[in-house]
Amino acid sequence: MADCSVTGCIVTHNNMRTIETTLKTLLDNTQGVDFHLYIVDNLSTDGTPDFIRQTYGGDARVEILETHANNGFGAGHNYVLDRLHSEYHVIINPDIILKDDAVTAMAQYMKAHPDIGLLSPRIRFPDGRDQVLGKRNPCVRYLAASRLRGSGEPGKTLREYAMLDCDLSEPCDIENATGCFMMLQTALFQKIGGFDPHYFMYFEDCDLTRTVRLTHRAVYFPDACVYHVWGRESKKNSKLRMIQIRSMLYYFRKWRKADV
């Protein structure tokens, strides 16, 4: 599989708290493919770019790019679109932990199934608990159930949103994939123009999945697992909550005809 080329991109903005573990586990475990990682820094002020240069400046697999602006998650990932010459490309959050070679496992599966445009792995908390993440297209009742969920077990509506009413022990088609970690056909990602730049943050992953599904399959792949710290900052930060609401409204306006 080493003849398979995979690129990855991490967009950072003041991520010193998690980026060291993310980079170490990603680079230590990704061994079965020809891998090149882009790190796009969106105007960090906490020393993130300096740390990456000092730690990985001699690693040919790592390339850091500074945008000198913070134009958001999707725009940061789009920053590398013209640089990509791989077969597959991975979108990676700066708070992801790998414990094995999930990247190679996903690339192998996509190579065996060329009709898949986007592949989403199993996502767990660092303690091993599964994260309850939407796999069906978002709607108001699903989002309300997610927002209002407490610390207990997910209710019926949230279980439906996360497809917990289905057998998730085998690969299956999904409508919605989380942007914390997803693999795409690079040529397809470039053809559709990457993420819609109208989203600063939130819902750009839902949007991208729907766009991919116009021509290809989006698939949940439980045989690969990654671990996500997932701070759910929009529940704590009013500014982020407003950004999330604006993104939600734009998403619903954009796709309303498809949902009729």
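Me: Let's start with charge: how many positive and negative side chains does the chain have, and how far apart do the centres of the two sets lie?

Reply: Count each sign, then compare where the two sets are centred. Keep in mind that this is a predicted model. Here the chain carries 31 positive and 32 negative side chains, with 9 Å between the centres of the two sets.

Me: OK, and the overall fold: how many helices and strands are there?

Reply: You get nine helices and nine strands. To judge compactness, set the radius of gyration against the globule rule: the chain comes out at 17 Å, close to the 18 Å the rule gives for 260 residues, so it is as compact as a globular protein of that length. The C-alpha atoms fill a box of roughly 50 × 40 × 35 Å along the principal axes.

Me: What share of the residues is buried?

Reply: Buried residues account for 52% of the 260. As for the surface, about 12,200 Å² is accessible, and carbon and sulfur atoms own 50% of that.

Me: How do I read a single helix, say helix 1?

Reply: Check its span, then its burial. Helix 1 covers residues 16-29 and reaches 21 Å from first C-alpha to last, close to the expected 20 Å. Its buried residues include T18, I19, T22 and L23.

Me: And a single residue: is H228 buried or exposed?

Reply: Look at relative accessible area; under 20% means buried. H228, in strand 9, has 5%, so H228 is buried. Beyond its neighbours within four places in sequence, H228 is in contact with several residues, among them N93, D95, F125 and C180.

Notes. Residues are numbered from 1 along each chain as its sequence is written. This is a predicted model: local features need pLDDT of at least 70, side-chain atom pairs count only at pLDDT 80 or more; totals for chains, interfaces and linings use all residues. Side-chain values use heavy atoms; hydrogens and water are left out. Helices (H or I, at least four residues) and strands (E, at least two) are DSSP runs, numbered from the N terminus. The expected span of a helix is 1.5 Å times one less than its number of residues. Buried means under 20% relative accessible area, exposed over 50%, partly exposed in between (1.4 Å probe, protein chains only). The radius of gyration is taken over C-alpha atoms; the globule rule is 2.2 Å times the number of residues to the power 0.38. Accessible areas come from the Shrake-Rupley method with a 1.4 Å probe; for residues, only the protein chains shown count as cover. Lys and Arg count as positive and Asp and Glu as negative; His and the chain ends are not counted. The place of a charge is taken as NZ of Lys, CZ of Arg, CG of Asp or CD of Glu. Contact means heavy atoms within 4.5 Å.
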